[in-house]
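Please open the model in a viewer and follow the stops below in order. Each stop names a selection and describes what is found there.

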Amino acid sequence: MLETDVVVLGAGAAGMMCAATAGQMGRRVVLLDHAEKLAEKIRISGGGRCNFTNLHVRPECYLSANPHFVKSALKQYTQHDFMALMQKHGLSWTEKTLGQLFCDQGSEAVIAMLKKEADDAGVNWRMGTELFEVEKAPEGGFVVRTSKENWLCQSLVVATGGLSIPQIGATGIGFELAKQFGLPLIPTVPALVPLTFQPQDLWGELAGIALDGTTVSCDRTTFREALLLTHKGVSGPAILQISSYWEPGKPIVIDMLPDVPDEAIFPVAQRDKSVLNLLAEHLPRRVAQAVLGDENRPLKQLNPPEIEAILQRLHHWAIIPSGTQGYRKAEVTRGGVDTAALSSKTMMARDVPGLFFIGEVVDVTGWLGGYNFQWAWSSGYVAGLNV
Ligand SMILES: Cc1cc2nc3c(=O)[nH]c(=O)nc-3n(C[C@H](O)[C@H](O)[C@H](O)COP(=O)(O)OP(=O)(O)OC[C@H]3O[C@@H](n4cnc5c(N)ncnc54)[C@H](O)[C@@H]3O)c2cc1C
């Protein structure tokens, strides 16, 4: 049996940040992963450019059974701390929209940066290593049995991520370990995921059209982002965002022109124009046609209830998704290790000293736009300080 201070399970975003931080604190760290390659999710993120954080990170941008849980870690390690780390390594970024920061040098550069931080801190890597078993050691700490060696460690950090994209190595091992040590779980579902729709709810041949200024709502949550009409349904950032709030059976409501007052859509002064031509001034013509169906009379020939019915379709297109495209297409997993069982300051399990859970395995899910990586960095950092 080999001895070390800390074993980190999972060399993804949170695990690498935690391992580097713990190493910098003078701890002997082993970082192990069953994958041969480091941090596959960082590699594929942001279309290869890694949307590594967001300028507007705040607790409201995270879903969790306890919405206050994220506050401490996000405060201890902020988006500006990560930006400073990038600068230290000579990396630069570009803000795309809504505060989303993408690495100019690409996601490989972010991985290389985290690897260098960990290497400089003396982290011991064990890639391509199967985890067989974890148990409490009689003398305190944990025994970690793997396909390569067995380790005795004082602290064990579970950073094995969620269930999304099993094709690149995601497993539910983190949830199994939580159960083994008696920690409660919040049921998991795919999130930031395309929703599926019944064919009759869709407007046929509109695939490829993007609507930029839409809002999409579910219950009292609304996102104002781009919407994409596809062959299979409706997609784009607005749908991914709302998917995290959607429950089966609930409708989502799309407002295609939230910013245009009704008087500007159908101005009395232009009552001789056809409603199609009027609507096509604000929407792609094919979408305007889909909203109107066969209706194409001049505005002056429509009575108020008819105009109201068109406006209703424009502002309240309510559809009940039939489901989601599942973990194979989901960017993240909602639910996970119940935060009630963890310290928000350290990420340590309240009832199992030395056992930590960080990153996506925890019941914390960020919005689309760099929020999930920031949670990985912040939770990884605070655990690294305390292991
Ligand atoms: C396509 C895609 C694009 C994304 N883009 C962005 C983005 O641009 N911005 C953003 O903020 N978020 C993005 N995300 C979400 C982000 O990738 C995750 O939230 C983040 O990676 C979670 O970090 P983590 O360290 O908790 O888990 P992960 O990064 O998933 O790391 C978990 C690690 O544990 C390892 N592991 C799993 N099971 C085992 C096991 N049984 N034994 C040993 N090792 C195991 C895995 O191999 C992996 O290396 C994206 C996700 C996807 C799928």
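Select Ala-13 and the ligand: a polar backbone atom of Ala-13 is 3.2 Å from an oxygen atom of the ligand, a polar contact being a pair of N or O atoms within 3.5 Å. Add Ala-14, where a polar backbone atom is 2.8 Å from a ligand oxygen atom. Then add Glu-360, with a backbone N or O atom 2.8 Å from an oxygen atom of the ligand. The ligand taken alone exposes 1,000 Å², and the protein buries 92% of that (Shrake-Rupley method, 1.4 Å probe).

This is a predicted model, in which local features need pLDDT of at least 70 and side-chain atom pairs count only at pLDDT 80 or more, while totals for chains, interfaces and linings use all residues. Residues are numbered from 1 along each chain as its sequence is written, and side-chain values use heavy atoms, with hydrogens and water left out.

Next, select the shell around the ligand: 28 residues surround it, each with a heavy atom within 4 Å. Among the closest are Asp-33, Thr-171 and Phe-373. Helix 12 (371-386) is one of the elements that give two or more residues to this shell, and its share, 3 residues, is the largest. By class, the shell has 11 nonpolar, 13 polar and 4 charged residues.

Finally, select Leu-98, Phe-223, Glu-225, Trp-367 and Tyr-371. Of the 13 residues that line the second largest pocket, these are the closest to its centre. Strand 15 (residues 221-224) gives the largest share of that lining, 3 residues. Why does the second largest pocket lie between domain 1 and domain 2? Domain 1 (2-190 + 330-386) and domain 2 (195-324) both give residues to its lining.

How values were computed. 1 Å grid on protein atoms, 1.4 Å probe; cavity = no way out; pocket = protein on both sides within 12 Å on 5 of 7 lines; lining within 4 Å. Helix = DSSP H or I, 4+ residues; strand = E, 2+ residues; numbered from the N terminus. Domains from an automatic or database assignment. Polar contact = N/O pair within 3.5 Å; in protein donor to acceptor, adjacent residues only side chain to side chain. Nonpolar A, V, L, I, M, F, W, Y, C, P; charged D, E, K, R; others polar.
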